[in-house]
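Thank you all for coming, and please keep the sequence and the structure open while I talk. I will go through one part of the fold slowly, and then turn to the cysteines and to the question of confidence.

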Amino acid sequence: MAANRYIFLFKRLKRPVCSVSLRRNATFSVLLESPSRRPVAPLSWTRSISSGNSPRPPDTSLFVPVDIKTDFSEDGSVGAELTQPLDKSELLKVLNRFYKRKEIQKLASENGLDARLFHQAFISFRKYVLETETLAADLHIVLNDICCGAGHIDDIYPYFMRHAKQIFPMLDCMDDLRKISDLRVPANWYPEARSIQRKVVFHAGPTNSGKTYHAIQRYLEAKSGVYCGPLKLLAHEIFEKSNSAGVPCDLVTGEERIFVDPDGQQSGHVACTIEMCSVTTPYEVAVIDEIQMIRDPSRGWAWTRALLGLCAEEIHVCGEAAAINFVTELMYTTGEEVEVRNYERLTPFSLMDHALESLDNLQPGDCVVCFSKNDIYSISRQIEVRGLECAVIYGSLPPGTKLSQAKKFNDPSDPCKILVATDAIGMGLNLSIRRIIFNSLVKPSINEKGEKEMDTITTSQALQIAGRAGRFSSTFKEGEVTTMHRDDLPVLKEIMGRAVDPIETAGLHPTAEQIEMFAYHLPEATLSNLIDIFVSLSQVDGLYFVCNVDDFKFLADMIQHIPLNLRSRYVFCTAPINKKQPFVCTTFLKFARQFSRDEPLTFDWVCRHISWPPMPPKNIKDLAHLEAVHDVLDLYLWLSYRFMDMFPDANRVRDIQREMDEIIQVGVHNITRLIRASEAQSSESLPSTQLQTPPQVQRRLRGSQGRGQPPKDVSGSSTLGSRLVQEGRLTKDLLQQLRREWSEEQILKKTM
């Protein structure tokens, strides 16, 4: 063997085995100084606020070992040539003695290896030493010396740590990771907003107090403005109100962009959902609606971002008085004072002394509030049995269907005088309600840890819903509130008699830039694991909390096997979908897979995967599926504004989404009949005349039916067959047999 090779190996023995790459640190510094990385705190103030405040230890259960290569071909068998082959049984005894040494465990702990990581690293190191045919020469020589009694067992430690940092790369860059995930001064993330002196006006009051009205009036008077609302319906309402008042206003939501200028030039005013507001565009006036949602476990980060980051001379904040002290305290961190304007409710509502107890006691203008779809279906069915017609509104309905049901309920000439709804009526809809009736006071919710809880509604939720009774602009100037069940009434009185819990914290969420920097240091980690480690290491002060990221992680795990770059993967995982809907999740997976192949998701491709065109629903299960299809089209539109070249047919998809909305409206209009059909487990019990389908929908559906199919009415039943079944001249089983024979005959004709 050449002498220079031995010289190389002995030089390597002297090389430090626990070092951080200078190139990596240099790159990290560049990333921190880059303007595009503004959400990350500058090192100067990060150091200053970290002094004297020891960071919490990381949750090491999130550290996933990385597979490492064990090929040391450059050394070959040099170690064995310089010494002798190692005795594996003796080597095992040495390693186990090393593991049990308290001094080694303490030293490892000081270098980031707690008991869990130390054990995992040792198991991996022992396997590597015992199973690798040719160890690195330096390690081989040290182990041989120990086995021969010429070395100390502690000499293994540097090589053990080198191995530990290979399988747990985060140990080598923990300080950098802590700096990236430091969220203690989020106001510094928005230098444009900090460069101007903003005036903050808090419009505080209960529902129907005119607080938002006054803020919008100032918005309309301004030369430029942005309205930030929690719902698409509210953004649409301000969009229409502004343009009707002669103030050109654009609409920006996650799924839609409408520019009133024919050439597509941006107007001075924009109405948007709060997640879509720009924190770099200057405005004269900004309105942030429903500020109390800043503490929402999932979406609170959007209100925090808007409040701290909007570049507007005046920030008009609307919401509950319970948020006044918190917003004032938050603005102290930006050096901005808060002017508070309090409002009283315009029309009174009273809590009744007796419960409804029976649906027989319903009156025109009543709204029964439920907190589950099953209760919606049950109550609707019972109302219909009593010969009354009711409108239905719940969260998963498309916006157009909600507006249609609201219009039906509000119309004095319509026979529908009863509304059955979830707390989706709490904001975004103008409803003429005389009396709110709580069917239940227990509502499922997701806490900050992502756990589902069943708990009594809060005072804030009760007041938000109860406040829909007797609104100033409705037919009923005074409202009443009660419960369905007698036992619930004293509980409701107690809830509404409490003071609203003051808001104490605001939500934050890791940005794409922060996760990219984490990925730079941990290139082998999955996106879900990166998020977990980020949250574990993140530091927030008493004013903030990190929003729940379970939905994000759910989507990240779902598409982890699909080859996507990190930025695209992050965007896909922020898509607003309901993970409880299997059809939506499956389609989301198909979207990501098609995207990863660099194949555009065309209109025809989408139609094939959603089986377009659909038939009107025959039962509740069909209606729920159509709602899921509508959500899929929403997902396509949402992605089309992030990846325009890969989702090129947004306009055509929006057209069929409108048609889908119309079909769902038909289903909701006939919801009690669908419930009956579901109970009977057969659509044959539906008379064909009961499903009132708009003529334009009927024409589209007739045009979409293929040849060789029996003519169908809108209920999906054969017209003649359904009539014969209703008249008792034909059984359902015999009808099914006739259909099978007819289909076989058609197939036989085609083959002849």
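Let us begin with the open sheet of eight strands, whose order is β4-β3-β5-β2-β6-β7-β1-β8 and whose pairing is mixed. Strands β4, at residues 257-258, and β8, at residues 338-342, stand at the edges, and because each has a single partner strand, one side of each is left without a neighbour in the sheet. Helix α13, which covers residues 232-244, packs on this sheet and touches β2, β3, β4 and β5, while its direction makes about 165 degrees with that of β3. I should say at this point that the model is a predicted one.

Within the sheet, please look at β2, residues 225-229, and β5, residues 269-273, which run parallel and are joined by five bridges. One residue to find there is Cys228, whose bridge partner in β5 is Cys272.

That brings us to the cysteines, and you may ask how many disulfides the count comes to. The count comes to zero. Cys277, for instance, is in no disulfide, and the nearest cysteine sulfur, that of Cys228, is 4.3 Å away, whereas a disulfide needs the two sulfur atoms within 2.5 Å. Cys277 counts as buried because its relative accessibility is 2%, and Cys173 also counts as buried, at 3%.

Finally, on confidence, the protein chain averages a pLDDT of 82, with 80% of the residues scoring at least 70. Over residues 1-52, however, the pLDDT is below 50, although this stretch has 76 contacts in the model beyond near neighbours in sequence. Over residues 682-692 the pLDDT likewise stays under 50.

Conventions:
Residues numbered from 1 in each chain as written. Predicted model: local features only at pLDDT ≥ 70, side-chain atom pairs only at ≥ 80, totals over all residues. Heavy atoms only, no water. pLDDT = per-residue confidence, 0-100. Contact = heavy atoms within 4.5 Å. Buried < 20%, exposed > 50% of the residue type's maximum accessible area, 1.4 Å probe, protein only. Pairing = 2+ DSSP bridges. Helix = DSSP H or I, 4+ residues; strand = E, 2+ residues; numbered from the N terminus. Axes fitted to C-alpha atoms, helices over the stretch in contact; angles between N-to-C directions.
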